[in-house]
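Here are some remarks on the structure you sent, set out as numbered points. Please read them with the model open beside you.

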Amino acid sequence: MRAARLIKMVLLLQARPAMTATELARELEVSERTVTRDAQALAEAGVPVYADRGRAGGYRLVGGYRTRLTGLARSEAEVLFLSGVPGALREMGLEDAASAARLKVSAALLPSLKDAPSTAAQRFHLDAPGWWQEPKTPELLPAVAEAVWDDRCVRVGYRRPARREAKRATEHGVEREVEREVEHDVEREVERDLEPYGLVLKAGVWYLCARAAEEGGDFRVYRLDRFTAVAAGEARFVRDEGFDLPRFWEARAEEFARTVLRDTVVVRVSPAGAALLPYTTGDRGVVREALERAGEPDEEGRLTLTLPVESQEVAYSQLMAVGPELEVLEPAELRTRFTAAARALRQLYE
């Protein structure tokens, strides 16, 4: 632990002209007294570290000194490719490896390029979670990430989502279809033996792409926040060289989006409403395809669209956001519900 800290201290001083004890303590996450002891240990080991006293003082390396401790370890080289997602690195427990890798790269750069890492960081940043969401890091994420990096088989406890089934209900005088949880299958916990292939961070939610450990097992996607336990064994699995994580995720995400859309609605929408639909439904692809299939607009420029939706309940909340720029034509029960809502709004504003 101390050896790694001493190396990091040398690399920090090599990358900058001078650093105060306070700055070093903050970077190394130790006390200033520890910084003083570490500087003395480096000097005794032959590293030319000296301290300038006074207000403008600080720790420096004798001019021209260059350490050769800049070779990247495998883990450091791998996390460099993730350096654009600092939040994800921190959540997976890889922040220290990323910091060491960046320092080593900085130490190896020519003096004229020393500011390249900071200038890039000030110009590009990835913020993965969506708006108005408070991202929660799954407690078991570091353990899963370690197994992914190490190709270790894991046994996990997993809360299966409750199955849902449709029923008829009457609300506000309108008969409609709603969903309810099947009482005998709420949050049932199961155990799985998995080969963890890769992690995906989607809109602030972590997913594990893994294959069932038994022979011939298929690849599946699991939400990390549903894991209740993770135990990594000693056995390592041999990766399928044909597995492509980005391609697999893209295919599964598209498949999921299609299977969720189990119902359809027919609407008449104005040009302004058509522009709003991708944002209210959250699916640009579905709206784009519906617009491509639409016929010619009427004399007022309105298009008649057949939209795939998750359910009438979800369609109601999504399409209400379009306001008077959209008219529901089918199904009749959804149109009736919109009619009731329009009457209620009129009474409210009158």
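1. Strand 3 (residues 152–160) and strand 6 (residues 188–202) run antiparallel and are joined by seven bridges. One residue to look for here is valine 156, whose bridge partner in strand 6 is arginine 192. Please bear in mind throughout that this is a predicted model.

2. Strand 6 is also joined to strand 7, again in an antiparallel arrangement, and here there are eight bridges. The two strands form a hairpin with two residues between them, and in that hairpin alanine 203 takes a positive phi near 50°.

3. Across this pairing, glutamate 195 stands opposite arginine 211 in strand 7, the strand that covers residues 205–212. Is arginine 211 buried or exposed? Arginine 211 counts as buried because its relative accessibility is 18%, which is under the 20% cut-off.

4. The side chain of arginine 211 makes a polar contact of 3.1 Å with the side chain of tyrosine 197. If neighbours within four places in sequence are left aside, the residues in contact with arginine 211 include Asp193, Leu194, Glu195 and Tyr197, and also Gly217, Asp218, Phe219, Val238 and Asp240.

5. Turning to helix 2, which spans residues 21–28, the buried residues there include Ala21, Leu24, Ala25 and Leu28. Why do these four belong to the same side of helix 2? They lie on the same side because they cover an arc of only 100° around the axis. As a general matter, an α-helix has 3.6 residues a turn, so residues three or four places apart point the same way. After helix 2 comes glutamate 29, which has a positive phi, near 60°.

6. Leucine 326 lies in strand 12, which runs over residues 326–330, and with a relative accessible area of 8% leucine 326 is buried. Which residues are in contact with leucine 326, once its neighbours within four places in sequence are left aside? They are Val267, Arg268, Val269, Leu277 and Leu319. The C-alpha atom of leucine 326 is separated by 9.0 Å from that of arginine 302, a residue 24 places away along the chain.

7. For the protein as a whole, the secondary structure comes to 13 helices and 12 strands, and 34% of the 350 residues count as buried. Among contacts between residues at least 6 apart in sequence, 63% join residues at least 24 apart. The exposed area is about 22300 Å², of which carbon and sulfur atoms supply 51%.

Terms used
Residues numbered from 1 in each chain as written. Predicted model: local features only at pLDDT ≥ 70, side-chain atom pairs only at ≥ 80, totals over all residues. Heavy atoms only, no water. Buried < 20%, exposed > 50% of the residue type's maximum accessible area, 1.4 Å probe, protein only. Arc of directions from axis to C-beta. Contact = heavy atoms within 4.5 Å. Areas by Shrake-Rupley, 256 points an atom, 1.4 Å probe, with all protein chains shown as cover. Polar contact = N/O pair within 3.5 Å; in protein donor to acceptor, adjacent residues only side chain to side chain. Pairing = 2+ DSSP bridges.
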